[in-house]
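Here is a short report on a protein model and its ligand. It starts with the contacts and ends with the backbone.

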Amino acid sequence: EFEEARKWVANDLVFDKNVDVNLFESTIRILGGLLSTYHLSGDSLFLEKAKDIGNRLMPAFKTPSKIPYSDVNIGRGTAHPPRWTSDSTVAEVTSIQLEFRELSRLTGDEKFQKAVDEVMKHVHTLSGKNDGLVPMFINTNSGQFTHLGVYTMGARADSYYEYLLKQWIQGGKKENELLEDYMRAIEGVKKHLLQRSEPKKLTFVGELAHGHFSAKMDHLVCFLPGTLALGAHNGLAADHMKLAETLIETCYQMYAQVETGLSPEIVHFNLHAQKGHKDVEIKPADRHNLLRPETVESLFYMYRFTGDKKYQDWGWEILQNFNRYTRVPTGGYTSINNVQNPSNPEPRDKMESFFLGETLKYMFLLFSDDIDLINLDKYIFNTEAHPLPIWVPA
Ligand code: DMJ
């Protein structure tokens with residue numbers, strides 16, 4: 001299968017195309033995938049292709065503030081923001097660093113690393129944060145945060161936090177500003193975003209909008225227990241591990257409390273006990289499941305670091321429910337519209353690439369007891385689950 005895929009990359013993966021692509025999605029999926037495959041196979045074809053796509057994405061950084069635009073035309077070498085705004089998403093501009101830094105290290109061409117390091121340095125100094133928590137948008141002209149006052153660990157902010165820690169680890173734990181920003185942000189989470197639900201008293205991560213707490217949690221936030229555990233494994237505060245243990249239980253309950261045993265895209269937690277109500281409430285617009293990886297990803301980290309088999313059991317339950325409700329008899333899996341209806345979960349006929357790239361890969365790793373199957377002291381996973389080497393392994 002690898003040989004077949006290699007042939008396809010050699011002959012058919014051509015980037016000289018007049019198409020607009022999203023900088024972040026192309027970096028984490030295509031550039032990250034190629035770099036990772038280069039390391040795992042040693043085959044220079046993948047590095048050549050990585051260099052090609054890396055160069056084609058670079059025009060995104062030609063903005064007045066050097067904060068990249070969201071979209072690039074990889075054939076024409078032009079970049080632009082979305083049609084309706086000159087803002088970029090904070091998570092997007094701060095979650096391309098692991099890949100561009102690695103591309104510089106491998107090619108000896110500094111320009112990739114310089115461009116992404118500059119973004120991190122700039123964001124480090126920006127005002128508008130709340131105890132290390134960042135807003136969701138940043139303007140490509142002014143370089144300032146916009147839509148101030150809304151803080152989430154979910155969509156549009158999530159992987160900013162993940163990449164602070166992971167860049168620090170990738171670079172050999174020397175870049176102190178990254179660590180400072182990460183530690184401050186986790187303190188911010190504890191201070192502003194944590195609450196407990198009723199009746200089970202699950203600790204969850206909500207959102208803050210202009211001083212008002214909302215008990216809303218995206219499934220995306222379930223990357224956080226894994227990231228906290230990775231930080232603790234790398235010598236950070238032991239209470240991060242405690243928090244990771246508490247939060248992964250909550251993420252598991254986001255599956256277990258639902259009729260199909262699959263989590264919806266977004267849940268709202270009950271802050272007050274009401275007869276007949278569970279901790280988790282689901283709004284009709286949020287009841288889809290896109291086969292997302294975050295909970296399984298965190299289960300993998302938790303199992304690796306604790307050896308507690310309950311994490312494997314929880315992952316197994318989730319896999320069985322994916323098989324029950326999302327598997328397509330003719331091949332593949334599909335997103336579904338309704339996790340609350342086991343008799344008709346309403347298949348969408350769409351399988352996101354992160355199901356193979358992340359969800360199934362983390363399942364595979366979770367069910368293995370071989371710690372050398374991607375040793376976490378030697379590799380760091382990018383946010384699309386592609387392992388990249390740690391520059392100075394532990
Ligand atoms: C993936 O593309 C990445 O994990 C990203 O960080 C968040 N969204 C999807 C998976 O849910």
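## Polar contacts to the ligand

A polar contact is a pair of N or O atoms within 3.5 Å; within protein, one must be able to donate a hydrogen and the other to accept it, and residues adjacent in sequence count only if both atoms are side-chain atoms. This is a predicted model: local features need pLDDT of at least 70, side-chain atom pairs count only at pLDDT 80 or more, and totals for chains, interfaces and linings use all residues. Side-chain values use heavy atoms, with hydrogens and water left out, and residues are numbered from 1 along each chain as its sequence is written.

The side chain of Glu294 places an N or O atom 2.6 Å from a ligand oxygen. For Thr383, a side-chain N or O atom is 2.6 Å from an oxygen of the ligand. Glu358 has a polar side-chain atom 2.8 Å from a ligand oxygen. On its own, the ligand has 290 Å² of accessible area (Shrake-Rupley method, 1.4 Å probe), and the protein covers 91% of it.

## Pocket and shell

Where does the ligand sit? It occupies the second largest pocket. A pocket is an open set of points on a 1 Å grid over the protein atoms alone, with protein on both sides within 12 Å along at least five of seven lines. To sit there, a molecule needs more than half of its atoms within 2 Å of the grid points.

Two elements each give two or more residues to the shell: α2 (23-41) and α13 (353-366). Helices (H or I, at least four residues) and strands (E, at least two) are DSSP runs, numbered from the N terminus. The residues around the ligand (a heavy atom within 4 Å) include Ile28, Arg29, Leu220, Arg292 and Phe354. By class, the shell has four nonpolar, one polar and five charged residues.

## Annotated positions

UniProt, in an unreviewed entry, places the feature "active site" at Glu25, Asp158, Glu265 and Glu294. Of this set, Glu265 is in the lining (an atom within 4 Å of a point) of the largest cavity, a set of points where a 1.4 Å probe fits but cannot get out. Such annotations may be inferred rather than shown by experiment. Asp158 belongs to helix α7 (residues 158-170).

## Backbone details

Glu198 and Pro199 are joined by a cis peptide bond, with omega about 5°. Pro199 is in the loop between β8 (194-196) and β9 (203-205).

Asp131 has a positive phi, near 45°, and is not a glycine. Its loop runs between α6 (111-125) and β5 (137-139).

Technical notes
Ala, Val, Leu, Ile, Met, Phe, Trp, Tyr, Cys and Pro count as nonpolar, Asp, Glu, Lys and Arg as charged, and the others, Gly among them, as polar.
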